Amino acid sequence: MYKKHSIEERLLAVKKCLEGYAPKGVAKELGLNEHDISEWLLRYKMEGVLGLQKRPIKHADFEEKCKIVCEYAEKGVSLHRVCAKYHVSQAAVSRWTRIYRQGGYEALRNIKPPGKGRKGMGRPKKKEPQTELERLRYENEYLRAEVALLKKVRALVEEREKRLHEIGRKPSKH
């Protein structure tokens, strides 16, 4: 929400809504998202201009997640209102609600931040071989992979030359 629009742009949209224009009309006129304008309007009504300013990312604890999910999923408060009230993103509330529906409130306790500490992610670290035997095995594996790659390249070049020969063209020197 805050990455795309300046504080001035958000304030202009909110002022137009307060003057009596519908968020849908303001969105069309200014080329903005109607849902963003509705959320800005809610935040403005709750906190004034401070509600429109960028905030640091908030990491909710277990109790706060439970309170937010209860208010949204069980009491039926709208997603925009819950997000504006607790200063959390819609994506986070939706994710917590999905987790709650799958595993109850206890499942909210075990949520890990996305992308943190996942196994199998990223490039593996290079290890230095410790013994002569390990070094030779590693070198052998590397050379086999290199030979396999060269065979594939040769096969592709030969296939290309064959195709060009069939249509009567001569292959390039490169």
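# Helices, cores and rings: a conversation

Me: Let's start with the overall make-up. How many helices does the chain have?
Reply: Happy to begin there, with the note that this is a predicted model. From the N terminus on, the elements run α-α-α-α-α-α-α-α. Strands number zero, and the count of helices is eight.

Me: What percentage of the residues of the chain count as buried?
Reply: A residue counts as buried when its relative accessible area is under 20%. The chain has 174 residues, and the share that meets this is 26%.

Me: And which share of the accessible surface belongs to carbon and sulfur atoms?
Reply: The accessible surface of the chain comes to about 14000 Å². Of that area, carbon and sulfur atoms hold 54%.

Me: Which helix gives the largest share of the largest nonpolar core?
Reply: This core has 17 residues, and I68, V88, V93, W96 and L108 touch the most other members. Two or more residues come from each of helix 4 (62-74), helix 5 (79-86) and helix 6 (90-103). The largest share is five residues, and the element that provides it is helix 6.

Me: V88 is part of that picture. Which residues does V88 touch, leaving out those up to four places away in sequence?
Reply: V88 is one of the core residues that touch the most other members, alongside I68, V93 and W96 among others. Those three appear again in the list of its partners beyond four places in sequence. The full list for V88 is R43, K58, I68, C83, V93 and W96.

Me: How many residues are in the second, separate core?
Reply: This second core includes A13, I37, W40 and L52. Its total number of residues is eleven.

Me: Now the rings. Is the aromatic pair of Y100 and Y105 stacked, edge-to-face or tilted?
Reply: The structure holds one aromatic pair. The centres of Y100 and Y105 are 4.5 Å apart, with 40 degrees between the planes. Stacked needs planes under 30 degrees apart and edge-to-face over 60, so 40 degrees makes this pair tilted.

Me: Is Y105 buried, partly exposed or exposed?
Reply: Its partner Y100 has a relative accessible area of 18%, and is therefore buried, the limit being under 20%. For Y105 the value is 27%. Exposed would need over 50%, so Y105 is partly exposed.

Me: Last one: which residue lies over the face of F62?
Reply: There are charges over rings to look at here. K16 lies over the face of Y21, at 5.7 Å from the ring centre. For F62 the distance to the ring centre is 3.9 Å, and the residue is R109.

Key: Residues numbered from 1 in each chain as written. Predicted model: local features only at pLDDT ≥ 70, side-chain atom pairs only at ≥ 80, totals over all residues. Heavy atoms only, no water. Phe/Tyr/Trp six-rings, centres within 6.5 Å; stacked < 30°, edge-to-face > 60°. Buried < 20%, exposed > 50% of the residue type's maximum accessible area, 1.4 Å probe, protein only. Lys NZ or Arg CZ within 6 Å of the ring centre and 35° of its normal. Helix = DSSP H or I, 4+ residues; strand = E, 2+ residues; numbered from the N terminus. Areas by Shrake-Rupley, 256 points an atom, 1.4 Å probe, with all protein chains shown as cover. Core = buried A, V, L, I, M, F, W, Y, C linked by side-chain atoms within 4.5 Å. Contact = heavy atoms within 4.5 Å.
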